[in-house]
Every structure is written in C-alpha cells, then in structure tokens.
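Got the viewer open? Here's a short tour, one selection at a time.

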Amino acid sequence: FLIKLKQFKMEKVQLTKNLWLHEFLEGTAMPSESIAMTYEDLEPEKLARIGVIAERIQNIRNATKKKFGKRFNGFRVCAGVRVKRWELLRERSGKSQHTEYWTADIQPICEDEDYMEIFNWIYDNFEPTWKGGFAKSEPDLEAKPKKKGFIHADCRMNNARWKY
C-alpha cells in the first residue's frame, strides 16, 4: 500500500468525472510541507472518505455547469485534506473536518465578471439542503489583491452553517 501511495504523486488518480485525488491532497492554497505530511498520512479509510466528498462536490459541479454552461469551468480545490499534525503546528485545534478527510474548500473557475453570480448561486442553492457542514468566506474582488473567498463543504454527521 505504501508503494502505491508514493505513486499518487506521479500518477493522476481520477475520483469522479471531473475531480482528481491530487486536488484534495494538495489543494491550491496548501504549502508543500503540509502536502508532504498529507501523503505520509494516507491510508485506505481516509482515501474512501475523500471519494465521498469528491462525489458530493461533483454533484455541485454538475448542477452549476448545467446552470451556467460555458461561463463555468469547474472548481479549484483550495484545501481538501489537512493532517492533524499540520494543524497543530499552525496552533490550530486539530479538530477541523479537514483532518477527518471529509472536506473541500472550493472556488468556481470562471471569468471575474461572472464570479460573484456563480459563487452566490452555488452557496444559495446548496446551503439549505446540504447534509453536513456548509460555509463561505465572502469574496472581495475589489480588494487588492483580489480575495476570491471559498465555499467550504464537508460530510460531518450533523448540519453546521457559518461564515468566515
């Protein structure tokens, strides 16, 4: 199993039609030290959990693509997995759903002029019925540098809602 884990860095492992394992393990906002710890921490149960959140994010992607067509080009996974050891090094509690491998923080990939409409549509349409945690960090495209914000979605057993 450990040999196969090392291969993940070199191979593209597809989880859904449009989402790949490395997106959840590496995230665009994750430093290399955190990513290295993530690969060291993987085991089969954790990989299965990533598959669950990937399927749910794929469902959001499908609905968003249906609504916005060519204006929407998928998601950027900012943060998926964050291992407990990394969280503790950052002086966090280590109790985040990111450490449970159930989570993704996502941003729509689209032109700036469409960003707020698509971002808000995703949040407004999925927040009311999402089973688990669902939150947002508000974008501010006027800020310098731009703040794209993100939508947090997780698969915890109870429903939780908040804003960053």
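A pocket here is an open set of grid points with protein on both sides within 12 Å along at least five of seven lines, and its lining residues have an atom within 4 Å of a point. Keep in mind that you're looking at a predicted model.

**Stop 1: the largest pocket.** Select Ala29, Met30 and Pro31, then add Cys78, Ala79, Arg82, Trp86, Arg90, Arg92, Asp105 and Phe150; together these line the largest pocket. The space inside comes to about 150 Å³. Color the lining by class and you'll get 7 nonpolar and 4 charged residues, with no polar ones.

**Stop 2: Glu91.** Now pick Glu91, in the loop that runs between helix 5 (84-89) and strand 2 (103-108). Check the backbone here: phi of Glu91 is near 60°, a positive value in a residue other than glycine. Most residues other than glycine have a negative phi.

**Stop 3: Lys144 and Pro145.** Next, go to the loop between strand 3 (133-137) and strand 4 (150-154), where you'll find Pro145. The peptide bond joining Lys144 to Pro145 is cis, with omega at about 0°. For background, most peptide bonds are trans.

**Stop 4: two packed helices.** Finally, show helix 4 (residues 44-68) with helix 6 (residues 112-126). Their axes are 11 Å apart and make an angle of about 125°. Angles over 145 degrees count as roughly antiparallel and 65 to 115 as roughly perpendicular, so helix 4 and helix 6 are oblique to each other. The crossing of this pair is right-handed.

To see who touches whom, turn on side chains for Asn59, Ile60, Ala63, Thr64, Lys67 and Phe68 on the helix 4 side. Facing them from helix 6 are Glu117, Ile118, Trp121, Ile122 and Phe126. By class, this contact has 7 nonpolar, 2 polar and 2 charged residues.

How values were computed: Residues numbered from 1 in each chain as written. Predicted model: local features only at pLDDT ≥ 70, side-chain atom pairs only at ≥ 80, totals over all residues. Heavy atoms only, no water. Axes fitted to C-alpha atoms, helices over the stretch in contact; angles between N-to-C directions. Helix = DSSP H or I, 4+ residues; strand = E, 2+ residues; numbered from the N terminus. Parallel < 35°, antiparallel > 145°, perpendicular 65-115°, else oblique. Left-handed = near helix turned anticlockwise from the far one by under 90°. Contact = heavy atoms within 4.5 Å. Nonpolar A, V, L, I, M, F, W, Y, C, P; charged D, E, K, R; others polar. 1 Å grid on protein atoms, 1.4 Å probe; cavity = no way out; pocket = protein on both sides within 12 Å on 5 of 7 lines; lining within 4 Å. Points joined across faces, edges and corners; volume = space filled by probe spheres on them.
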